[in-house]
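User: I am new to this structure and would like a close look at a single part of it. Please take the sheet strands and the helix next to the ligand, and connect them to the rest of the chain.

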Amino acid sequence: MTVVGVDGVLRPLGDETEGLALRRLLAEAGLTLEGFDAIDGPLLVVVLGGEVVGGAAVERWGAAGLLRSVVVAEPLRGRGVGSLLVGAAIEAARAAGLDELYLLTETADDWFPRFGFAPVAREDLPAALGGSAELRGACPESAMAMRLALTRGA
Ligand SMILES: CC(C)(COP(=O)(O)OP(=O)(O)OC[C@H]1O[C@@H](n2cnc3c(N)ncnc32)[C@H](O)[C@@H]1OP(=O)(O)O)[C@@H](O)C(=O)NCCC(=O)NCCS
């Protein structure tokens with residue numbers, strides 16, 4: 001658990017109420033909810049003053065992960081919450097034994113490189129990722145695919 005500010009914490013998603021709050025944030029940000037219920041990897045939230053104000057999740061597809069649903073409540077953007085979430089999701093993916101992490105983004109391809117992600121061609125995505133709702137059409141073809149190696153040699 002990481003303390004954020006006076007009463008804020010970064011931790012795994014809690015109860016269903018938090019799940020609903022995170023879904024609301026994602027919807028408000030225009031991010032897809034398709035496949036959200038099937039996320040089987042780390043799902044982290046930042047809770048401030050009892051409110052879910054951000055989230056990030058990793059889907060597991062064999063040795064590859066798909067980072068998705070990265071969101072911060074609009075009034076709190078620009079204060080490092082998103083970076084905290086992405087850094088923690090990367091560490092959680094590594095701790096879960098994943099070799100590499102992918103993502104699709106339409107809005108933040110200039111942001112993810114600061115965490116080490118680099119663009120990758122769609123045809124170079126691992127076949128296993130094809131099971132993800134994002135790859136099955138929830139994200140448009142125009143979304144940029146990006147990759148981060150989590151282990152040496154990956
Ligand atoms: C993208 C998002 C998660 C960033 O969260 P955040 O808490 O504002 O990010 P941080 O405060 O950690 O980082 C702020 C820095 O990132 C930059 N940044 C934030 N969003 C960016 C974006 N979409 N593209 C490029 N740079 C971005 C800011 O300009 C700022 O730069 P600086 O450090 O040079 O001043 C947040 O803007 C958001 O929820 N957006 C809507 C949903 C979304 O697009 N999710 C990502 C796609 S999956």
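Analyst: What follows starts with the whole chain, moves to the strands and the helix asked about, and ends with the ligand and two single residues.

The model is predicted. The chain has 3 helices and 8 strands. Read from the N terminus, the order of these elements is β-β-α-β-β-β-α-β-β-α-β. Along the principal axes, the C-alpha atoms occupy a box of roughly 45 × 30 × 30 Å. A compact globule of 154 residues would have a radius of gyration near 15 Å, and the chain has 15 Å, so the two agree. Of the 154 residues, 34% count as buried.

The part in question can be followed strand by strand, beginning with β3. Strand β3 covers residues 43-48 and pairs with β4 in the antiparallel sense, over 6 bridges. In this pairing Val46 stands opposite Gly54 of β4. The two strands make a hairpin with 2 residues between them, and Gly49 in that turn has a positive phi of about 55°. Gly49 also has a partner far back in the sequence: its C-alpha atom is 6.4 Å from that of Gly8, although 41 residues separate the two along the chain. Gly8 belongs to strand β2, residues 8-12. With 19 C-beta neighbours inside 10 Å, where 20 would make a residue buried, Gly8 is counted as partly exposed.

Strand β4 runs over residues 51-61 and is mostly covered, with 9 of its 11 residues buried. On the side of β5, β4 is joined by 7 bridges, and these two strands are antiparallel. Gly54, already named as the residue facing Val46, stands opposite Val72 in β5. β4 and β5 also form a hairpin with 2 residues between them. In its turn, Gly62 has a positive phi of about 65°.

From β5 the path changes character. The next strand in the pairing is β6, and 4 bridges join it to β5, with the two running parallel. Ala64 stands opposite Glu100 of β6. To get from one strand to the other, the chain leaves β5, passes through α2 and arrives at β6; this β-α-β crossover is right-handed.

The helix in that crossover can be checked for length. α2 has 15 residues, which at 1.5 Å a residue should span 21 Å, and its end C-alpha atoms are 21 Å apart, so the expected and actual spans agree. The buried residues in α2 include Val81, Leu85 and Val86, and Ala89, Ile90 and Ala93 are buried as well. Just after the helix, Gly97 takes a positive phi of about 90°. Helix α1, residues 16-28, can be put to the same check: its 13 residues should span 18 Å, and its end C-alpha atoms are 18 Å apart, which agrees. A glycine with positive phi follows α1 too, namely Gly30, with a value near 80°.

Strand β6, residues 100-105, is mostly covered, as 5 of its 6 residues are buried. Besides its parallel pairing with β5, β6 is joined by 6 bridges to strand β8, residues 144-149, and here the strands run antiparallel. Tyr102 stands opposite Arg147 in β8. Taken by pairing, then, the strands can be traced from β3 to β4, from β4 to β5, from β5 to β6 and from β6 to β8.

The ligand comes next. Of the 17 residues around the ligand, Arg77, Gly82, Ser83, Thr107 and Ala108 come nearest. The elements that give two or more residues to this shell are β5, residues 64-72, and α2, residues 81-95. These two elements are also the strand and helix with which the crossover to β6 begins. By class, the shell consists of 8 nonpolar, 6 polar and 3 charged residues.

One last residue lies beyond β6. Phe112 sits in the loop between β6 and β7, the latter being residues 118-119. Phe112 counts as buried because 20 other C-beta atoms lie within 10 Å. Phe112 and Leu148 are 36 residues apart in sequence, and their C-alpha atoms are 9.6 Å apart in space.

Conventions
Residues numbered from 1 in each chain as written. Predicted model: local features only at pLDDT ≥ 70, side-chain atom pairs only at ≥ 80, totals over all residues. Near = placed C-beta within 6 Å. Nonpolar A, V, L, I, M, F, W, Y, C, P; charged D, E, K, R; others polar. Buried ≥ 20, exposed ≤ 12 C-beta atoms within 10 Å, placed from the backbone. Pairing = 2+ DSSP bridges. Right-handed = clockwise from strand over helix to strand, strands pointing away. Expected span 1.5 Å × (residues − 1). Rg over C-alpha atoms; globule rule 2.2 N^0.38 Å.
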